[in-house]
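This briefing covers the enclosed spaces in one protein model, along with its confidence and one arginine side chain. Please look at the sequence and structure first.

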Amino acid sequence: MSISTQADHPVPAGLTPELMQWVRSQSAAGISLPTLLQSMRDVGWAEHLARRALALPEDGDLPPPFTARQAEVQVVAHASGVPGPDLSSNPCSVHAGDREVHVLISMHNPRVVVFGNLLSPEECDAIIHSARPRMQRSLTVHNQSGGEEVNDDRTSNGMFFQRGETDVVRLVEERIARLLNWPLENGEGLQVLHYRPGAEYKPHHDYFAPHEPGTPSILKRGGQRVGTLVMYLNEPTRGGGTTFPEVPLQVVPRRGNAVFFSYDRPDPATRTLHGGAPVLEGEKWIATKWLREREFK
């Protein structure tokens, strides 16, 4: 939709579904909040209503805008040789360049870190909005051929963004690179998954099985996977946690939070067996970032 001028129609007294749909579509396209706010001011919207539509405080500074092109992110790879946040001083939060990310849980064996405040509500909504029209039945790697296949253990729908495909995706990827001290180019494209009631992903490992015949062809694109970041884009009513059955640990989905785990070798001894528990009520949206040893092409 387009916002009509004040000369065409009086300014509405409240927020309409059409306006909120317009806001969501503009956010998904990567239009910055300051630009959206100014557009609404220009056509006569009251400041407090415009800010309410954009989920902004009624006064105060605005967050920095999403930019069409970000400066190259330079990071020093984590000293461990695998991705991970620098928690050597036991901080309660980590500065990830444009956002202060909270540290909620930190485990060493397996290496699991639960983050809070990694994504804003607006970023979660924008990613879901961009992904929704492209969702298809999720596939898994076929170890024999190196291709993909439908697997009864995984009953979600999913899609992949190209790395840096949208401004929001690019901004999140740069934040991840800083947070986990791992080169941006070593990351696979962001995968978005949607789980309806009953959908799940049974326990599995994310690394590629080293002795399977299809693995050498997979590794040509960037080497082994060495880390996984699962970001929660919404909150199911019941169920849908990320489980680590060998620990045991279950991470409850909270919008904007994430769970990270790394594995320095493709071996069950890393104790990174994990799964997505069945959604019992509501729906679950997540975004997953897999990190490789080398540049992913």
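In this predicted model, the largest cavity is lined by 16 residues. Those nearest the centre of the largest cavity are Y201, H204, V230, H274 and I286. The space in the largest cavity comes to about 160 Å³, and the count of cavities of 30 Å³ or more is 2.

**Largest cavity**

- Five elements each give two or more residues to the lining of the largest cavity: strand 8 (191-195), strand 9 (201-204), strand 10 (225-232), strand 15 (274-276) and strand 17 (284-292).
- Among these elements, strand 17 gives the most to the lining of the largest cavity, namely 4 residues.
- By residue class, the lining of the largest cavity holds 6 nonpolar, 7 polar and 3 charged residues.

**Second largest cavity**

- The second largest cavity holds about 60 Å³ of space.
- Its lining is made up of R163, E173, I176, A177, W182, P183, L184, G187, K289 and L291.
- Helix 5 (167-180) and strand 17 are the elements that give two or more residues to the lining of the second largest cavity.
- Helix 5 supplies the largest share of the lining of the second largest cavity, with 3 residues.
- The lining of the second largest cavity divides into 6 nonpolar residues, 1 polar residue and 3 charged residues.
- Strand 17 thus appears in the list of contributing elements for the largest cavity and in the list for the second largest cavity.

**R51 and helix 3**

- R51 sits in helix 3, which spans residues 47-53.
- Is R51 buried or exposed? R51 counts as buried because its relative accessibility is 5%, and the cut-off for buried is under 20%.
- The side chain of R51 makes a polar contact of 2.7 Å with the side chain of E47.

**Confidence**

- The protein has a mean pLDDT of 84, with 80% of its residues at 70 or more.
- Over residues 1-13, pLDDT stays under 50. The model has 19 contacts beyond four places in sequence for residues 1-13.
- Residues 63-71 also have pLDDT under 50 throughout. For residues 63-71, the model has 20 contacts beyond four places in sequence.

Key:
Residues are numbered from 1 along each chain as its sequence is written. Side-chain values use heavy atoms; hydrogens and water are left out. pLDDT is the predictor's confidence in each residue, from 0 to 100. Contact means heavy atoms within 4.5 Å. Buried means under 20% relative accessible area, exposed over 50%, partly exposed in between (1.4 Å probe, protein chains only). A polar contact is a pair of N or O atoms within 3.5 Å; within protein, one must be able to donate a hydrogen and the other to accept it, and residues adjacent in sequence count only if both atoms are side-chain atoms. On a 1 Å grid over the protein atoms alone, a cavity is a set of points where a 1.4 Å probe fits but cannot get out, and a pocket is an open set with protein on both sides within 12 Å along at least five of seven lines; lining residues have an atom within 4 Å of a point. Grid points are joined across faces, edges and corners, and a volume is the space filled by probe spheres set on the points. Ala, Val, Leu, Ile, Met, Phe, Trp, Tyr, Cys and Pro count as nonpolar, Asp, Glu, Lys and Arg as charged, and the others, Gly among them, as polar.
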